[in-house]
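Thanks for coming, everyone. I'd like to walk you through one model today, so have a look at it first and then we'll go through it together.

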Amino acid sequence: MHKNAKSSLHSRVLIVKKHLEEDVPVSDLADFFEVSKSLIYRWIRRYHQEGLNGLRDRKSRPKRISSRTLYWQEQAIKALAL
């Protein structure tokens, strides 16, 4: 589990199963587990799409960086650091 995780894999599975199998309202689960409703809906969606693998920890870094430093700028910075 990464340091910013709201819960463990076990608690995510428990939350999703309580909602799907026992029909516990998302708002009640959010209050009890102290997570947002939108986070629970995200876990439910991922569970439907990917099964248990959808509830595993994910990397928190962005998939792409829109304003990446240009190569020549990076080289100039490195030259200045010497």
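Let's start with His-10, which sits in helix α1. Its relative accessibility is 62%, so His-10 counts as exposed. Do keep in mind that this is a predicted model. If you look for Arg-56, you'll find it 46 residues away from His-10 along the chain, yet the two C-alpha atoms are separated by 9.4 Å.

Staying on α1, let's move along to Lys-17, which is also part of that helix. Is Lys-17 buried, exposed or partly exposed? With a relative accessible area of 31%, Lys-17 is partly exposed, because the buried class ends at 20% and the exposed class begins over 50%. Setting aside neighbours within four places in sequence, Lys-17 is in contact with Glu-22 and Tyr-47. Tyr-47 is 30 residues from Lys-17 along the chain, and their C-alpha atoms are 9.7 Å apart.

While we have Tyr-47 on screen, here is another pair to look at. Asp-57 is ten residues from Tyr-47 in sequence, and the C-alpha to C-alpha distance is 13 Å. You'll find Asp-57 in the loop between α3 and α4, where α4 covers residues 71–81. Asp-57 has 36% relative accessibility and counts as partly exposed.

Back to α1 for His-19, which belongs to that helix. This histidine is buried, at a relative accessible area of 19%, and the cut-off for buried is under 20%. Which residues does His-19 touch, not counting those up to four places away in sequence? They are Val-24, Pro-25, Val-26, Leu-29 and Ile-44.

That last partner, Ile-44, takes us over to helix α3. Ile-44 is buried as well, with 7% relative accessibility. Leaving out residues up to four places away in sequence, Ile-44 touches Val-16, His-19, Leu-20 and Val-26. Val-13 is 31 residues from Ile-44 along the chain, with 9.3 Å between the C-alpha atoms.

Now let's put those two helices together. Two packed helices are described by the angle between their axes and the distance between the axes. Helix α1 spans residues 9–22 and helix α3 spans residues 37–50; their axes come within 10 Å and cross at roughly 85°. That crossing angle falls between 65 and 115 degrees, so α1 and α3 are roughly perpendicular to each other. Which residues make the contact? From α1 we have Arg-12, Ile-15, Val-16, Lys-17, His-19 and Leu-20, and from α3 we have Ile-40, Trp-43, Ile-44, Tyr-47 and His-48. By type, the residues of this contact divide into seven nonpolar, two polar and two charged.

Next, the core. In soluble globular proteins, nonpolar side chains tend to be buried together. Here the largest nonpolar core has twelve residues: Val-13, Ile-15, Val-16, Val-26, Leu-29, Ala-30, Val-35, Leu-39, Ile-40, Trp-43, Ile-44 and Leu-55. Helices α1, α2 (residues 26–33) and α3 each supply at least two residues of this core. Which helix gives the most? That would be α3, with four residues.

Now for something on the aromatic side. The count comes to one aromatic pair. The partners are Phe-32 and Phe-33: their ring centres are 5.1 Å apart and their planes meet at 80°, so the pair is edge-to-face, a label that applies over 60 degrees. Phe-32 is exposed, at 68% relative accessibility, whereas Phe-33 is partly exposed, at 23%.

Finally, a look at the backbone in two loops. Most residues other than glycine have a negative phi, and most peptide bonds are trans. With that in mind, try Asp-23: although not a glycine, this residue has a positive phi of about 60°. Asp-23 lies in the loop between α1 and α2, and at 64% relative accessibility it counts as exposed. Then there is Glu-34, again not a glycine, with a positive phi of about 55°. Where is Glu-34 placed? It is in the loop between α2 and α3. Glu-34 is exposed, with 70% relative accessibility.

To leave you with one picture: α1 and α3 cross at roughly 85°, and both helices supply residues to the largest nonpolar core. Thanks for listening, and I'm happy to go back to any view you'd like to see again.

Conventions. Residues numbered from 1 in each chain as written. Heavy atoms only, no water. Phe/Tyr/Trp six-rings, centres within 6.5 Å; stacked < 30°, edge-to-face > 60°. Buried < 20%, exposed > 50% of the residue type's maximum accessible area, 1.4 Å probe, protein only. Axes fitted to C-alpha atoms, helices over the stretch in contact; angles between N-to-C directions. Parallel < 35°, antiparallel > 145°, perpendicular 65-115°, else oblique. Contact = heavy atoms within 4.5 Å. Nonpolar A, V, L, I, M, F, W, Y, C, P; charged D, E, K, R; others polar. Core = buried A, V, L, I, M, F, W, Y, C linked by side-chain atoms within 4.5 Å.
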